[in-house]
Amino acid sequence: MSAASVVVLDYGSGNVHSAVKALERAGAEVELTSDRRRALEADGLLVPGVGAFDAVMTALNRAGGGDIIDARLAGGRPVLGICVGMQVLFSRGVERGTETEGLGEWPGTIVELDAPVLPHMGWNTVETDPGSVLFDGIEDERFYFVHSYAATAWELDVMPPFPSPSLTWATHGTRFLAAVENGPLSATQFHPEKSGEPGIRLLRNWIDSL
Amino acid sequence: MAVITRVIPCLDVAAGRVVKGVNFVNLRDAGDPVELAAKYYEQGADEITFLDVTATVDDRATTYDVVRATAEQVFIPLTVGGGVRSSDDVARLLAVGADKVGVNSAAIQRPELVGEIADRFGAQVLVLSLDIKRSAAAPSGFVVTTHGGRRETELDALAWAAEVIERGAGELLVNSIDADGTKQGFDLELVRLMRELSRVPVIASGGAGSVRDFAPAVEAGADAVLAASVFHNGELTVGDVKRELMASGIEVR
């Protein structure tokens with residue numbers, strides 16, 4: 001069996017070099033591109049994201065990223081969002097009083113964490129869901145977070161026959177969603193590509209599920 | 001459950017080699033930066049910081065190669081500082097594999113740069129690096145310096161720290177020029193003052209000489225501890241530092 005192919009969506013977001021290298025280390029055949037056809041054909045699509053919510057949305061829209069994600073999900077094709085690439089999957093983000101519309105794959109609002117020290121920067125533990133595929137074998141590890149905003153609630157009711165989503169939480173002042181696995185759409189608030197060997201394992205778990 | 005203390009080896013890089021010196025002078029060769037970074041990754045470093053201390057544009061290009069090669073095998077955050085003068089410089093560093101960028105003298109010359117970088121890439125990308133010296137002339141007792149501590153500015157260290165946080169710095173790298181290279185321990189008073197003032201993470205830097213120096217800095221309020229020569233000399237491993245922090249009741253990874 002040949003290696004799973006993953007496209008890292010290249011729309012001008014921060015450090016994508018590390019995401020590419022980490023996915024390769026985890027066993028995928030990786031391409032960094034914004035080409036719509038390549039992004040649709042790949043076994044998995046990784047959507048990175050750093051910076052401000054509105055800046056990421058603007059860049060993502062310019063690259064047609066929302067349409068690519070929609071088209072993949074309509075066909076049940078896996079997508080993994082990372083950091084702000086997770087945040088924009090929700091309905092809206094509120095940063096410094098500015099409200100920006102997100103991709104709206106999931107209902108909910110990205111808000112600022114209520115913590116004495118922000119950004120939340122460093123290695124934190126997570127409370128995983130027993131049904132998690134991504135965290136298989138790394139439930140007790142720490143992962144690298146760097147963010148000030150997050151989803152603090154899960155608002156989507158998933159009814160049978162659809163499998164219920166696997167939700168992983170973390171706490172920094174506020175309890176927030178560290179990861180979501182909802183059918184073909186998964187996301188992590190932390191950076192697996194910056195979380196050492198446990199992060200590589202998480203990416204491998206995702207790649208193995210493609 | 002909380003975010004834990006980070007231990008950060010810092011590599012001063014010039015012309016593609018790691019250098020070391022006392023109080024930023026008498027620089028000596030200390031090895032290959034990519035190899036050293038990989039070694040610290042194996043030892044459990046929580047982040048790696050590169051400080052580009054080269055003066056020429058040619059050497060700067062070499063540093064990009066170092067960052068790129070490191071990011072291909074070291075899967076923890078990389079901060080790169082030195083010579084960053086514009087948000088385009090930040091873009092170039094992020095493109096080759098940096099996660100955070102350290103800014104120092106360029107922000108002193110043009111404070112608007114802090115906001116420009118934060119607006120374009122987010123506050124989390126920007127580590128404001130402060131080279132601080134004790135000075136009776138400054139209201140807080142601490143003054144900001146440039147040129148590796150050789151030139152004093154008119155800026156009071158605490159007032160400047162408050163300003164850069166307001167302008168969008170995501171983290172403070174607080175380096176004591178007095179303590180740097182002395183191996184007499186961190187300047188704990190400085191760390192404490194910065195912690196009281198700052199709502200962003202504080203990295204304590206300068207003065208680490210033995211494993212026992214790190215816990216007091218964390219107790220004084222540091223979110224992360226940074227050291228260079230004690231690691232490069234092989235006097236201490238990252239693991240040694242973490243074991244001692246743990247023995248002091250401080251949580252590490």
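Helices and strands are taken here as DSSP runs, of at least four residues in states H or I for a helix and at least two in state E for a strand, numbered from the N terminus. With that convention, and bearing in mind that this is a predicted model, residues 7-206 of chain A are 25% helix and 33% strand, and the C-alpha atoms at the two ends of this stretch are 13 Å apart. The range itself comes from UniProt, where an unreviewed entry lists residues 7-206 of chain A as "domain: Glutamine amidotransferase".

Within chain A, helix 3 (residues 53-62) offers a view of how one element is packed, for A:F53, A:A55, A:V56, A:M57 and A:L60 are buried in this helix. An α-helix has 3.6 residues a turn, so residues three or four places apart point the same way. The cover over the buried residues of helix 3 of chain A includes helix 4 (65-74) and helix 5 (84-87), together with strand 5 (90-95), strand 6 (98-101), strand 7 (106-112) and strand 10 (149-151) of chain A. After helix 3 of chain A comes A:G64, which has a positive phi, near 70°.

Turning to the partner, chain B contains 10 helices and 12 strands. Its radius of gyration is 17 Å, close to the 18 Å that the globule rule gives for 253 residues, so chain B is as compact as a globular protein of that length. The C-alpha trace of chain B spans about 40 × 40 × 40 Å along its principal axes, and 55% of the 253 residues of chain B count as buried. Among contacts in chain B between residues at least 6 apart in sequence, 62% join residues that are at least 24 apart.

The largest nonpolar core has 157 residues, and those with the most contacts inside it are A:L23 together with B:L126, B:L128, B:L172, B:V174 and B:V225. Strand 1 (residues 6-14) of chain B gives the largest share of this core, 6 residues. Around B:L172, once neighbours within four places in sequence are left aside, the contacts are B:L128, B:L130, B:A161, B:M194, B:S198, B:V200, B:V202 and B:I203.

Where the chains meet, 29 residues of chain A are in contact with 29 residues of chain B. On the side of chain A that touches chain B, at least two residues each are supplied by helix 1 (17-25), strand 8 (120-124), strand 9 (143-147), strand 11 (166-172) and helix 6 (196-208) of chain A. Strand 8 of chain A provides the largest share of that side, 5 residues, and by class the side has 11 nonpolar, 14 polar and 4 charged residues.

Definitions and conventions
Residues are numbered from 1 along each chain as its sequence is written. Chains are lettered from A and ligands numbered from 1 in the order in which they are written. This is a predicted model: local features need pLDDT of at least 70, side-chain atom pairs count only at pLDDT 80 or more; totals for chains, interfaces and linings use all residues. UniProt positions are given in the numbering used here, feature names are shortened, and annotations may be inferred rather than shown by experiment. Two residues are in contact if their C-beta atoms, placed from the backbone, lie within 7 Å. Ala, Val, Leu, Ile, Met, Phe, Trp, Tyr, Cys and Pro count as nonpolar, Asp, Glu, Lys and Arg as charged, and the others, Gly among them, as polar. The radius of gyration is taken over C-alpha atoms; the globule rule is 2.2 Å times the number of residues to the power 0.38. A residue is buried if 20 or more other C-beta atoms lie within 10 Å of its own, exposed if 12 or fewer, and partly exposed in between; C-beta atoms are placed from the backbone. A nonpolar core is a set of buried Ala, Val, Leu, Ile, Met, Phe, Trp, Tyr and Cys residues joined through C-beta atoms within 7 Å.
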